[in-house]
Amino acid sequence: MAENLDNQNNNEQPKESDSNYWQSFKELYKDISFTEAKKLEFQKGVEDEFDVDKLPAVSRRKFLALVSASAALAAAGCSDYNGNGKIIPYNTKPEEITLGKPNYYASTYVDNGLDYGILIKTREGRPIKVDGNPDHPVSKGKTSAKAQSAILGLYDPERLQQPLRKTTSGNFMKSTWQHVDQEISKSLSNIGGKEISIISSKIISPTTLKVIQDFQQKYSGAKLYSYQIFNEEIKNSAWKKCYGSGLFPSIKWNEAKIILALESDFLGTDGNKVESSRMFAEGRNTSDLDNFNRLYSIEGNLSLTGLNADYRMRLRPDLQFEFVMSLVHEISKQGISVGVDPSILNQYNLYDFAQKNSLYGNVLQLLVGDLIKNKGAAIIYAGRSLPENVQVAVNLLNEALGNTKLYTQDTIELPNSSLSSTSDWENLVQSMNNGEIGAIINFDTNPVYHLPSDLGFVEAVKKVPLIVSLTESENESSELAHYVLPISHPFESWGDAQTRLGYYSMQQPVISPLFYTRQKEEVLLAWISGNYKENIYHDYLMNYWQSTIYPTLNEMLDFNRFWLGALQRGVVNTGNIPKSVGNFNKEVLVILNQNQSNISGYAVFLKEGYATGDGKYANNGWLQELPHPVTKVTWDNYASISVATAKQMNVEEKDIIEITLDDRKLKIPVVIQPGSADNTITIELGYGRSKCGVVGQGVGFNANVLMSKSSAFGPWIYTSASIRKTGDTYDIVSTMEHHPIDDPLVSGVVKERKIILEGTVSDYKKNPKFIQEQRSMDTATLYNRLDFPGVKWGMSIDLNKCTGCGECVISCNAENNIPVVGKDQVKVSREMQWMRIDRYYSGSAEDPKVSLEPMLCQQCDHAPCENVCPVAATNHSNDGLNQMVYNRCVGTRYCSNNCPYKVRRFNFFNFKDHFRDGYQESNLFDLVYNPEVTVRSRGVMEKCTFCIQRIMEAREDAIRDHKPLKGSDVVTACQEACGTSAINFGDMNDDKSEFYKFRNHELGYYVLENLNVRPNVTYLAKLRNTHSEEA
Amino acid sequence: MNIQKLFVKKLERKDFFISAGVGLVGLFVMRMFPFNLLLNRKHKSKEKPLRATVRINPLAISRNKLGDNNG
C-alpha cells in the first residue's frame, strides 16, 4: 500500500476545497477487496460452516449430541438456568429505598492523581451507573470514560475476595484477615531497623497521607515512595523554575481565542480532560462567533486534540524545542520583548525550520499573526511529555504575550506528597540489593509492571524478605508478594481528595464491601492499632476532618450536620481564592541555551492509552472494546507510523517490527496512521499485561519495556531508535470500515450523499444559510405524512462541540446493558455498541483533515427498517420513536440490511456466555445490569432506543405529579455523559424549548437527507475556524 | 387423519405410570448428571466466587440527582 503513496509535502497547506472524504487507506486507494466487501451483507467468513471444535465449550450442537433425552434435559435445565434468582421482598425495607426508583450518591473517583466528582446511581443497593457530580466545581456534571467504566471493576468476578498467603512451595493459599494481620504486624515489629518501603501512586487525600504519617510514627523505618507513570512533574518543575512556587496552573480554555497545542492532547489524556474538554467546547459556540476559538496543533501523531484542530501540522516530538525557540524568535522579531539573549535566538529561524521539517510556512505565518493579535487571549500549551526546556520556552512565550491572564493559580499539591525522583528509586533498588529493606508494601500499585526495566526493580525486590501487595485483583507485582491483601473498590471506600485550592472532594462507599475486603487505609490502621474494627477508617476520616480541616472552613453548621451535607454534595468549598501568578524569573532562561542531544534515527513517543490508561484499566471490557478515537482499533496497541515511514521501512499494516532503544527491545505490529510525523513511532502504554484478569491478560504489547530511567527528553520521548522488520504479522482489529454508510454505485459517497456537511466560520458569517442551501430537500414520498401531535422526541448533535472522545459510547453501554463481544467478534463486525463515532479523513494521506460524526439510530419517521420486518418487531410509537420489541424479533436481520445508517446490531451469540467463556455470565457480573433494560440474547436485533426507559420514567413522574411531560425532563445517557454538551435531546414540537433551537438551527442537517426517511437526529454542521480568505 | 379417534383413544393407566415414571427418573438423572465435567473452558475460573451480598452502607448519604434538596 505504501508504494501508492506519494509524499506531496510542500510548504503550503492545501486549500479547503480538497474534500475527498475517506475513512481508510483501502477506501482512499479504491482497493478492490474493500469495494467488494462493501457489497456483502456480512464480512467474509462469517457465513462459513461452524467448526464444532472451535465453538465455545457448551454449544447447542455439542449439547444435543451428548443428550438424546431432550425433553427431560430441557425440563432439568430449565429448572436450574442461570439467572433464576429469587425475588424476595425486604423484611425491613431500608428507609432510603423505594422499589423501582434509583438512589444517587455523590462521591469521588481518583485517577492518575486527579479527582473527579461523580454521581453514582444505585438500584436496590447496587451501583449501576456513574455520571458526573453537577455540584462539583471542576467536573460540573461530567466525568471520564474511565470513571464510568470503573463500575465493571466493582463487579469483576475475578476480584480478590479474601487475603492470600504464599506458601513455602510458592503457591498462594487462602487466609483470613486475622491471620495475616497477626503475621504481618509481627514481621513489621521485628524488622530490626530495616526500612519498610510503602510504594504508592500519587496521594491526593489529606487523610490517607495522615494515615501514612501515623504508620511512619509507629514503624519508624517506614518510608513512602510514590510514582505515577503519567504525571505533570516536568510541567510543574518548569513552572517552579519560572515562577518560584506553585504548580502549573489550570487554564481558562473557555476564554482563549487562540490555542496552540504542542504535542499536547489536552482533549484526550493530558491533565484534567473533563474540565478542559468542557471549557474548550464552551469556546466553540456557534451563537457566539466573535469568541469562537481557533485551535492549532503541532504534534507527532494524530491525537484526539489533533482531530479537532483547525490547523494541524506534524512534527516529531524531539524537534519541539527547536520549533518553540524558532517561534520565540519570530515573535520577538515582531516587536514583542521576550528577554532572551539575541545570540541564542539568532540560532533559530521559523521559516527555515518549517522548510526543513515540511511544516506549512503560510500556516505558521497565520499562527504568529494570531498570537500577536490576540495577546492576552491566547494560550500556548506544551504537552506534559515535552522536556523542561520546551516548557520553560512556552512559559516565556505566554508571559511575553500576556497570556498569563488565562492562568488560574488554584492547583495545589498536598505537603509531602511529591512523586519520588529517579534517584529515590535508584537508592531504593540499591538498598534492596544491599538487604537494607525489610518490607515492601505495594499500596495499590503495580511497580513490577510500571517501573522502567533498567532500574532493576524486579530483580532487587525478590531479595526483600517481606512483600505485601494491597490490590483489588492479582497483578504482576502481587505475583512476587508474600501476602496479597484484597482491597475494597473505590465505590466501597471512604476518602477525600484535594487538588485545587477552592474545594475538597468527598468519597463515600455507595455499597458495603461485596467480599471480605478492606480499604487500603484500613489495612494500615489495623497494623498501627493492632486491632481492626469495622468502620475504622470512617471514624478516622471523621475525626481527622473534625480536628483538622473543619476548623479551617469557618462553617456555621455543627460538625455532624456539616459532615452529612458534605457527603451529600460530594464536595466541600473552602472559600480560598486562587493566588496571583508570581513574577517570571528571567534567570531560568539560561536553560534555553542548552541545545538538545543529537536527534537521529527514529523518535519513539510513549503515550497514555486512551482506553487502558497506564494499564490499570486493562481488564475492563468496555474500555478495551471502545474504538480508539483516531484509528478505531480495539483490543490492542500498536506502533503508529506515518505513510512515508512505512514506505521507508518497507512495512505494511499489521507487520511486526522490532524497536531497539539501547538494549531495550520490543516487538509490536504497525498501524499506518495518516497525519503522523515521519520517522516517529508512537505507542500507547497500558497493554501487554502478563498478570491480570481474563479480559486484559495478554491483550496488546507491553511497551513499558522501552522506558528508561534516564532519557534526555524525559520518560516518554526517546530518540535514535532503530527498527527491524521481523517478517511476522499480527491481526489488528479496527472498526474503521465496519458498518459503512455506502452505495457502491456512488463514488465519493460522503460528499455526494451529503453525509457530512461542513464549512468555515467565515462561510457562516458571510452566508448564514450556506448549509441550508447545500441540503437536498426532496420531500417526494410514497407514504402519508405522519403527524405526532404530542411530544415528539428528537436529538441534535453539535459537531462543533463533539471531540470524538467516546464517553457517550461507554455511557450507552452501561445504561443499556450492551455486552462486550471480544476481539474475535469485533473482527467480523459484530461489535454491539449502539453508537459509533464515524471518523472521516479528507485531503491527503499525509496531512488529512478530520470530520467526526457520532452515528446512532436516527429514529426515522419513515423508517426503512420497519417496512421490512416480517413480524413487526420494529415499529413506530406515537411519540416518534422507532421501537424494538425484542420478544417479537425472530432475527431475520432484514431491518439491518435495509437501514441506510447501519446502526442496528444483531446478537449472533449469547454474548454473555460467549465472551471469554462466560465471564459476563457470572452472578456477580449480573449486578451491573440496569434493571430497566432487557438483557438481550442470541438471535435478537437491537439498536438505540433514545433511552426509552428514561423517557418512561419521566412520563411516570409527570403523571404522578399531574404535570405535562416536557422534553427537558428526559436526558439520554449519551447526552448526560457528553463532556462537551454536544448532544441535546427533547421535544421537537415544543417551540419554546432550548432543543427546538437546535432542531431548527441554520447549521442543522440530516444525514442522507435525500432518502427522505425523515430522521429525527439533527446534526449541526462543523465550522472550521480557519483563515479561509487567506489560506 | 381422524383427529376424533386420537382423542377417543384412552391411555392405559399402566402405560401412563410407566411413562411418567421413566420421565421422572430421566429428569432426576439429568439433574444429577455432572454436565460441568464436559466443559472445556480455557479460562474456567479456578473456584466458585464467594456469594456476594449487596448491602447499603448505612453511613453513606444519598441525595437527589439534581434539585434544591441536596443539603
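Q: Two strands count as paired when DSSP finds at least two bridges between them. In this predicted model, which strand of chain A is joined to β7(A) by six bridges?
A: The cut-off is at least two bridges, and the six bridges found here satisfy it. The two strands run parallel. At residue level, A:S200 stands opposite A:F443. The partner, residues 437–443 of chain A, is strand β15.

Q: In β8(A), which residue is the bridge partner of A:I199?
A: Strand β8 covers residues 222–226 of chain A and pairs with β7(A) over five bridges. The sense of that pairing is parallel. Within β8(A), the residue bridged to A:I199 is A:Y225.

Q: What is the handedness of the β-α-β unit made by β7(A), helix α7 and β8(A)?
A: The two strands of the unit pair in the parallel sense. Helix α7, residues 206–218 of chain A, is the helical part of the unit. The β-α-β unit is right-handed.

Q: How many of the six residues of strand β7 of chain A are buried?
A: A residue is buried if 20 or more other C-beta atoms lie within 10 Å of its own. On one side of β7(A), A:E195, A:S197 and A:I199 meet this condition. On the other side A:I196, A:I198 and A:S200 do too, which leaves both faces covered. The count of buried residues in the strand is six.

Q: Which strands stand at the edges of the open sheet, each with a single partner strand?
A: The sheet has four strands in the order β4(A)-β3(A)-β2(A)-β1(B), paired antiparallel. A strand at the edge has a single partner, so one of its sides is left without a neighbour in the sheet. The edge strands are β4 of chain A, residues 126–132, and, from chain B, residues 62–63, β1.

Q: In β4(A), which residue is the bridge partner of A:K121?
A: Strand β3, residues 114–123 of chain A, is joined to β4(A) by six bridges. These two strands run antiparallel. The partner of A:K121 in β4(A) is A:K129.

Q: In what order do the elements of chain B run from the N terminus on?
A: Chain B has two helices and one strand. Of its 71 residues, 7% count as buried. From the N terminus on, the order is α-α-β.

Q: Why does the radius of gyration of chain A agree with that of a compact globule, and what is its value?
A: For 1031 residues, a compact globule would have a radius of gyration near 31 Å. The C-alpha trace of chain A spans about 90 × 85 × 65 Å along its principal axes. The radius of gyration of chain A agrees with the globule value, as it comes to 29 Å.

Q: Which element gives the largest share of the side of domain 2 of chain A that touches domain 3 of chain A?
A: Domain 2 covers residues 250–406 and domain 3 covers 599–734. In the contact between them, 18 residues of domain 2 of chain A meet 22 residues of domain 3 of chain A. On the domain 2 side, the elements giving two or more residues are α10 (304–307) and β12 (311–314) of chain A. The largest share, three residues, comes from α10(A).

Q: How many residues of the side of domain 2 of chain A that touches domain 3 of chain A are charged?
A: This side is made up of 18 residues. Seven of them are nonpolar and seven are polar. The number of charged residues is four.

Notes. Residues are numbered from 1 along each chain as its sequence is written. Chains are lettered from A and ligands numbered from 1 in the order in which they are written. This is a predicted model: local features need pLDDT of at least 70, side-chain atom pairs count only at pLDDT 80 or more; totals for chains, interfaces and linings use all residues. Domain bounds come from an automatic or database domain assignment. Two residues are in contact if their C-beta atoms, placed from the backbone, lie within 7 Å. Ala, Val, Leu, Ile, Met, Phe, Trp, Tyr, Cys and Pro count as nonpolar, Asp, Glu, Lys and Arg as charged, and the others, Gly among them, as polar. The radius of gyration is taken over C-alpha atoms; the globule rule is 2.2 Å times the number of residues to the power 0.38. A residue is buried if 20 or more other C-beta atoms lie within 10 Å of its own, exposed if 12 or fewer, and partly exposed in between; C-beta atoms are placed from the backbone. A crossover is right-handed if, with the strands pointing away from the viewer, the path from the first strand over the helix to the second runs clockwise.
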